[in-house]
Amino acid sequence: GFYSKKPSKSLINLDIQKEDAKVVHSFDVEDIGEKAAFCRCWRSKKFPYCDGAHGAHNKETGDNIGPVCIQRKKN
Ligand code: FES
């Protein structure tokens, strides 16, 4: 049934752009600037950017997820 005991059947995205069939964000590399942190927990109020909400999620659930950070090479 819908309520599976397997965690693999649970939703990742709880409430971001639910009106859309698929949530996709595209960025030009040149527009990212020096660095950016992109949310992977789907709990950020600033999605697709990380706002630190993964911290509360990890604390509540025992999960260990964090953002993907992109930065310009220091040279
Ligand atoms: Fe989602 Fe940081 S808020 S990864």
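**Exercise 1. Place glutamine 17 in the chain and describe its backbone and its exposure.**

Solution. Glutamine 17 belongs to the segment before β1, where strands (E, at least two residues) and helices (H or I, at least four) are DSSP runs numbered from the N terminus. The model is a predicted one, in which local features need pLDDT of at least 70 and side-chain atom pairs count only at pLDDT 80 or more, while totals for chains, interfaces and linings use all residues. Residues are numbered from 1 along each chain as its sequence is written, and side-chain values use heavy atoms, with hydrogens and water left out. Turning to the backbone, glutamine 17 has a positive phi of about 50° although it is not a glycine. As for exposure, glutamine 17 has a relative accessible area of 28% and is therefore partly exposed, since buried means under 20%, exposed over 50%, and partly exposed in between (1.4 Å probe, protein chains only).

**Exercise 2. State how confident the predictor is in this model.**

Solution. Begin with pLDDT, the predictor's confidence in each residue, from 0 to 100: the protein chain averages 92, and 89% of the residues score at least 70. Then add the scores of the model, which are ipTM 0.99 and pTM 0.84. Where pLDDT is low, the predicted coordinates should not be read in detail.

**Exercise 3. Find the salt bridge and say which parts of the chain it links.**

Solution. A salt bridge is a side-chain nitrogen of Lys or Arg within 4 Å of a carboxyl oxygen of Asp or Glu, and a search of the whole structure finds 1. Its partners are arginine 72 and glutamate 34, whose closest N and O atoms are 3.8 Å apart. This pair links distant parts of the chain, for arginine 72 lies in the segment after β2 (68–71) and glutamate 34 in the segment before β1, 38 residues apart. Finally, compare the accessibilities: arginine 72 is partly exposed at 41%, whereas glutamate 34 is exposed at 58%.

**Exercise 4. Describe the two faces of helix α1.**

Solution. Start with the buried residues of α1 (residues 54–61), which are His54, His57 and Asn58. They cover an arc of only 95° around the axis, so they lie on the same side of α1, the arc being that of the directions from the helix axis to the C-beta atoms. The face turned away from this buried side carries the exposed residues Lys59 and Glu60. Next, look at what histidine 54 touches: leaving out residues up to four places away in sequence, histidine 54 is in contact (heavy atoms within 4.5 Å) with Cys41, Ile65, Gly66 and Pro67. Just after α1, glycine 62 takes a positive phi of about 80°.

**Exercise 5. Which residues make up the largest nonpolar core?**

Solution. A nonpolar core is a set of buried Ala, Val, Leu, Ile, Met, Phe, Trp, Tyr and Cys residues joined through side-chain atoms within 4.5 Å. The largest one has 5 residues, namely Ile16, Val23, Cys39, Cys41 and Phe47. Cysteine 41, with a relative accessible area of 5%, is buried. Valine 23, apart from its neighbours within four places in sequence, contacts Asn13, Ile16, Gln17, Trp42 and Phe47. Phenylalanine 47 is joined to proline 48 by a cis peptide bond, with omega about 15°, and proline 48 lies in the loop between β1 and α1.
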